[in-house]
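Hi there,

Thanks for offering to take this one on. The sequence and the structure are just below, and my notes come after them.

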Amino acid sequence: MKLRPKPSSIPIFEDTVLSLKDLSIGFNIQSRLQVRISYKSLMIDNIFFIDVFDADNLEARIFIEGVLQQIYQSICSEGRLVLITSLFCVGPGPDSGRIFTAIATERTTISTWIEDKSIPRFPKMDLRSFHENNSEYPPRIDFLAKVMKIVSKKSLTNAKGQSTNMKEIYLQVDNGKEFSVQLWKDMSERFDCFEGQLILCRGLRYNKIQGTRFLTTGDTAFISKGVEEEFGERFRKKKRN
């Protein structure tokens, strides 16, 4: 693959900055999006993704691979406001809270943007409080939790008889109760958190059969950067109540 020029040398097609709602399925060659990066995954097999949201609080997940990840690895930083052009969009998965899943193409450019307070540090979320006496859970939930323990197991045999890796994260939520979530295969390497951290858990699904465990979904992310500063006092206050 031919190495493309740096973003600053690629012309922008239009001056209009669009919202994520203005995109459509397929190639969006002349799109210009002003978004904030809420999460950036670790890289696996030369691929990483970023979760972004715009001023309308619409969200998307963008996959960046190959030569493009070499170009944009340093630009894509959590909390940064960026301008992104020319994405290929596909529909989100079932029960997803994102408006699109997108793939960076050879035409895609990503560049830093002037800070704009109209887009906050984190998207507006309906954060689940486990103090609530409500046994019903939506298809996916977002909540704050403290990482109590991480157990990594390598070369396990799954139901198909294949060897795989697994990481189990034990979480304490705002009412003091502990849950766990298992990350299998690539998921075990995609997310990075540490014991003692306060993290924002996004896009998890409650396991009704095993009531102390959550399942991952296509929206799942474990965010640590900026979470203590933004939500730490709120989390500790709820734990005291």
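Here is what turned up, region by region.

First, some ground rules. This is a predicted model, in which local features need pLDDT of at least 70 and side-chain atom pairs count only at pLDDT 80 or more, while totals for chains, interfaces and linings use all residues. Residues are numbered from 1 along each chain as its sequence is written, and side-chain values use heavy atoms, with hydrogens and water left out.

**The barrel**

Five strands, in the order E1-E2-E3-E5-E4, make a closed barrel with mixed pairing. On average, neighbouring strands of this sheet are turned by 55 degrees against each other, direction ignored. (Strands are DSSP runs of at least two residues, numbered from the N terminus; two of them pair if DSSP finds at least two bridges between them; axes are lines fitted to C-alpha atoms, with angles from 0 to 180 degrees between N-to-C directions.) Within the barrel, E2 (residues 47-53) and E3 (residues 59-65) pair in the antiparallel sense over 7 bridges. Isoleucine 50 stands opposite isoleucine 62 in E3.

**Strands E7, E8 and E10**

Strand E8 (residues 178-184) is mostly covered, with 5 of its 7 residues buried. Buried means under 20% relative accessible area, exposed means over 50%, and partly exposed is in between (1.4 Å probe, protein chains only). E8 runs antiparallel to E7 (residues 163-172), joined by 7 bridges, and the two form a hairpin with 5 residues between them. In that turn, glycine 176 has a positive phi of about 90 degrees. E8 is also joined to E10 (residues 213-223) by 2 bridges, and that pair runs parallel. Valine 181 appears in both pairings: isoleucine 169 stands opposite valine 181, and valine 181 stands opposite phenylalanine 214 in E10.

**Salt bridges**

How many salt bridges does a search of the whole structure find? There are 9, each being a side-chain nitrogen of Lys or Arg within 4 Å of a carboxyl oxygen of Asp or Glu. Three of them may interest you:

- Glutamate 115 meets arginine 36 at 2.6 Å, N to O. Glutamate 115 lies in the loop between E5 (100-112) and E6 (141-157) and arginine 36 in E1, so the pair ties together parts that are 79 residues apart in sequence. Glutamate 115 is partly exposed at 45% relative accessible area, whereas arginine 36 is buried at 3%.
- Aspartate 142 and arginine 202 have their closest N and O atoms 3.2 Å apart. This pair links E6 with E9 (residues 198-206), 60 residues apart, and both residues are buried. Together with Glu59, they are linked in a network of salt bridges.
- Glutamate 228 bridges to arginine 236, with the closest N and O atoms 2.9 Å apart. Glutamate 228 is partly exposed at 38%, and arginine 236 is partly exposed at 35%.

**Two more spots**

Arginine 98 sits in the loop between E4 (81-90) and E5 and is buried, with a relative accessible area of 11%. Its side chain makes a polar contact with the side chain of threonine 101 at 3.4 Å. (A polar contact is a pair of N or O atoms within 3.5 Å; within protein, one must be able to donate a hydrogen and the other to accept it, and residues adjacent in sequence count only if both atoms are side-chain atoms.)

On the surface, Val17, Trp113 and Ile114 make a nonpolar patch of about 290 Å². Patches are made of residues with over 30% relative accessible area and no salt bridge, with nonpolar side chains (Val, Leu, Ile, Met, Phe, Trp, Tyr) joined within 5 Å and like charges within 9 Å; areas come from the Shrake-Rupley method with a 1.4 Å probe, and for residues only the protein chains shown count as cover. Valine 17 lies in the segment before E1 (26-40) and counts as partly exposed at 33% relative accessibility.

Best wishes

Notes: Helices (H or I, at least four residues) and strands (E, at least two) are DSSP runs, numbered from the N terminus.
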